[in-house]
Amino acid sequence: MDPVTILTCAVLLAVDGDTVKCDGENLRSMGNGAPYQSGFDTPEIGRYADCPAEHRLGVIAFARMSVLLQTPGLTIEDSGEVDRFGRPLVTLRLPDGSTIGQHLIDESLASPWTPEYVDEWCS
């Protein structure tokens, strides 16, 4: 098993349902995924949402991410890779070993992502 780099943040905040800010730097959560192969996606909020329904669900995903980030013992595992926006790709792991991304998928607040993924939040 490869060693894991754990990030530490003085301040950790949700930006939306799949992006967090660690001490001012945006990080993209992958859930149980692997860089460029799999992960999860949540609806956009605000001007980035394609329709009101996407915005509403995005706000709920953002709120749930915010709550889960407060879990004592949460770890941030850095994959060493970045996404197309330059955000480090990370796994947000809860103390029981599960990931925030999987919780959001299980709660229907996120969809599994693959390179062929097309969102359907407005369908």
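This is a short tour of a predicted model, stop by stop, with something to select at each one.

**Stop 1: the whole chain**

Start with everything shown as a cartoon. You should find 2 helices and 8 strands. Going from the N terminus, the elements come in the order β-β-β-β-β-α-β-β-α-β. Now zoom out: the C-alpha atoms fill a box of roughly 40 × 30 × 25 Å along the principal axes. A compact globule with 123 residues would have a radius of gyration near 14 Å, and the protein has 14 Å, so the two agree. If you colour by accessibility, buried residues make up 37% of the 123 residues.

**Stop 2: strands β2, β3 and β4**

Select residues 12-14 for β2 and 19-22 for β3. These two strands pair in the antiparallel sense over 3 bridges, and a hairpin of 4 residues connects them. Pick out Leu-13 and you can hop across to its bridge partner in β3, Lys-21.

Stay on Lys-21 and look at β4, where its bridge partner is Asn-26. β4 covers residues 25-29. How many bridges hold β3 and β4 together? There are 4, and the pairing is antiparallel. The hairpin between β3 and β4 has 2 residues between the strands. Click on Asp-23 in that turn, and you'll see a positive phi of about 50 degrees.

**Stop 3: strand β7**

Next, select residues 88-93, which make up β7. Is this strand mostly covered or mostly open? Mostly covered: 5 of its 6 residues are buried.

β7 has neighbours to visit. One is β4, which runs parallel to β7 and is joined to it by 2 bridges. Another is β6, residues 75-82, which runs antiparallel to β7 with 5 bridges. Val-90 is a handy residue to centre on here. Val-90 is the bridge partner of Ser-29, and Val-90 is also the bridge partner of Asp-78.

Follow the chain between β6 and β7 and you pass through a hairpin with 5 residues between the strands. Gly-86 in this hairpin takes a positive phi near 85 degrees.

**Stop 4: the first disulfide on the tour**

Show the cysteine side chains as sticks. The model has 2 disulfides. Counting bonded cysteines along the chain, they follow the pattern 1-2, 3-4. A disulfide is a covalent bond between the sulfur atoms of two cysteines.

Select Cys-9 and Cys-22, which are joined with an S to S distance of 2.0 Å. Turn the view to look along the S-S bond: at -110 degrees about it, this link is left-handed. Cys-9 lies in the loop between β1 (5-7) and β2, while Cys-22 sits in strand β3, so the bond ties together parts that are 13 residues apart in sequence.

Which end of this link is buried, and which is partly exposed? Cys-9 has 22% relative accessibility and counts as partly exposed, whereas Cys-22, at 11%, is buried. The cut-off for buried is under 20%.

**Stop 5: the other disulfide**

Now select Cys-51 and Cys-122. Their sulfur atoms are 2.1 Å apart, and with -100 degrees about the S-S bond this link is left-handed. Where do the two cysteines sit? Cys-51 is in the loop between β5 (39-41) and α1 (52-68), and Cys-122 is in the segment after β8 (111-113), so this pair ties together parts that are 71 residues apart in sequence.

Try a surface view here. Cys-51 counts as buried, at 18% relative accessibility, while Cys-122, with 38%, is partly exposed.

**Stop 6: the largest pocket**

For the last stop, select Arg-28, Asp-83, Arg-84, Phe-85 and Arg-87. Of the residues that line the largest pocket, these lie nearest its centre. The full lining has 31 residues, and the pocket's volume is about 810 Å³. The elements that give two or more residues to this lining are β4 and β5.

Finally, colour the lining by class. What mix of residues lines the pocket? There are 14 nonpolar, 6 polar and 11 charged residues.

Definitions and conventions: Residues numbered from 1 in each chain as written. Predicted model: local features only at pLDDT ≥ 70, side-chain atom pairs only at ≥ 80, totals over all residues. Heavy atoms only, no water. Disulfide = S-S within 2.5 Å. Buried < 20%, exposed > 50% of the residue type's maximum accessible area, 1.4 Å probe, protein only. 1 Å grid on protein atoms, 1.4 Å probe; cavity = no way out; pocket = protein on both sides within 12 Å on 5 of 7 lines; lining within 4 Å. Points joined across faces, edges and corners; volume = space filled by probe spheres on them. Nonpolar A, V, L, I, M, F, W, Y, C, P; charged D, E, K, R; others polar. Pairing = 2+ DSSP bridges. Rg over C-alpha atoms; globule rule 2.2 N^0.38 Å.
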